[in-house]
Amino acid sequence: MQRTIDYKNGKVIVIDQTRIPHELVELEMPDYESVADAIKTMKVRGAPAIGVAGALGIVVAARHSSASDPKSLYEELEQAGDTLKKTRPTAVNLFWGIDRMLDAAHAALKAESNVDDMKHALESLGKLMLQEDEDICRRIGSHGASLLPQNGDVLTHCNAGALACVGYGTALGVIRAAVEAGKRIHVYADETRPRLQGMKLTCFELVRDNIPVTVISDNMAGSFMRKGKIDCVVVGADRIAANGDVANKIGTYSVAVLAHHHGIPFYVAAPTSTIDLSLANGDDTPIEERSHEEVTHIDGHRIAPMGVEVVNPSFDVTPAAYVNAIITEKGIVYPPYKKNLR
Ligand code: MRU
């Protein structure tokens, strides 16, 4: 599959994920405002993807700036960074990507680079981050593949696939790498209400790759575990606290508790850019509350009675005690996470 996100001819290119599985359409974004909008409206989504998108937002902000001196350019980039950071609060990768770009701009400023050199440095870093993300996912995949059974059924939640990254994926990267290594894996994909990333995106990717996949509604997972149909769970993450608590798509916590109850290993696959050592535990993770329409409507059609109260937290936190291992590009981290994540 082509990259989910790319940078070509001074524009950020993303696959519009709101149109999958019906059509595969690319959007071209010439300015940081449209990148910010694409992140907010989830045309680009998934923690690693929005990290790179945020960084590329700074690249296009620099490219199209008419600032005549490096200090003014840097100030404009800080403003662009503020706008981009306000799009989604939970995935720490977004802040990591933007800050990495702003740090590079600041280093260029300190080195007394001129405006053109500063723009060039940011563009080179953007291209490097695109390549790095793909390489990181492949490394996560090769580390994690060893944890999957030779022959078995893996449950995943939401979409932590190629579409959530520049390519290949984290949780789905582990599954892809296991399949490439000759393992016979069948995937159960939770549909992942309310936005259905599991059914729409994960199933789309796996069907295209000829990896056997069965979609189940979220409330089926427990029953399938009880019947012995699931050998392990692999999910992605939006933020991992210093003690190993994991913020991920709403519903991940329920899956983790169920897996724990049934003695099924629960693995989290994520790049180290998802680890936020500044958070002692997951309780302080900022959890995004999204539009109530995501719950009351499906594909634009209202399915809830008028007048009903609605809440829509987009993420939840799974305590580290339910996480058997965290698979990163640097290797597999086992408990105690407080010591080993560092
Ligand atoms: O709201 P989304 O679709 O951006 O949420 C995505 C997830 O929760 C993913 O599991 C997470 O970002 C990891 S992606 C490799």
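Colleague: Where does Pro336 sit, and what makes that place a loop between two elements?
Modeller: Pro336 lies between strand E16 (331-333) and helix H11 (337-340). This is a predicted model. The peptide bond joining Pro335 and Pro336 is cis, with omega about 0°.

Colleague: Which peptide bond leads into Pro21, and where is Pro21?
Modeller: The bond from Ile20 to Pro21 is cis, with omega near 15°. Pro21 belongs to the loop between strand E2 (11-15) and strand E3 (26-29).

Colleague: What makes the phi of Asn210 worth a note?
Modeller: Its sign. Asn210 is not a glycine, yet its phi is positive, about 60°. Asn210 falls in the loop between helix H7 (197-208) and strand E6 (213-216).

Colleague: Now the ligand. How many residues surround the ligand, and which are the closest?
Modeller: There are 19 residues around the ligand. The closest are Arg45, Arg88, Gln197, Asn248 and Lys249. To count as near, a residue needs a heavy atom within 4 Å.

Colleague: Why is the pair between Asn248 and the ligand called a polar contact?
Modeller: A polar side-chain atom of Asn248 lies 2.6 Å from a ligand oxygen. The cut-off for N or O atoms is 3.5 Å, so the pair qualifies.

Colleague: What about Arg88 and Gly46?
Modeller: Arg88 puts a polar side-chain atom 2.8 Å from an oxygen atom of the ligand. Gly46 uses a backbone N or O atom, 3.0 Å from a ligand oxygen. Both values are within 3.5 Å, so both pairs are polar contacts.
Modeller: As for cover, the ligand taken alone exposes 410 Å², and the protein buries 99% of that.

Colleague: What kind of space does the ligand take?
Modeller: The largest cavity. A space is called a cavity because a 1.4 Å probe fits there but cannot get out.

Colleague: What makes up the shell around the ligand, by class?
Modeller: Nine nonpolar, six polar and four charged residues. Glycine is counted among the polar ones, and Arg and Lys among the charged.

Colleague: Which helix and which strand each supply at least two residues of the shell?
Modeller: Helix H2 (47-63) and strand E9 (246-249). Asn248 and Lys249, two of the closest residues, fall within the bounds of strand E9 (246-249).

Colleague: Which domains does the shell draw on?
Modeller: Domain 1 (5-139) and domain 2 (145-340) each give at least three residues to the shell around the ligand.

How values were computed: Residues are numbered from 1 along each chain as its sequence is written. This is a predicted model: local features need pLDDT of at least 70, side-chain atom pairs count only at pLDDT 80 or more; totals for chains, interfaces and linings use all residues. Side-chain values use heavy atoms; hydrogens and water are left out. A polar contact is a pair of N or O atoms within 3.5 Å; within protein, one must be able to donate a hydrogen and the other to accept it, and residues adjacent in sequence count only if both atoms are side-chain atoms. Accessible areas come from the Shrake-Rupley method with a 1.4 Å probe; for residues, only the protein chains shown count as cover. On a 1 Å grid over the protein atoms alone, a cavity is a set of points where a 1.4 Å probe fits but cannot get out, and a pocket is an open set with protein on both sides within 12 Å along at least five of seven lines; lining residues have an atom within 4 Å of a point. A molecule sits in a cavity or pocket if more than half of its atoms lie within 2 Å of its grid points. Helices (H or I, at least four residues) and strands (E, at least two) are DSSP runs, numbered from the N terminus. Domain bounds come from an automatic or database domain assignment.
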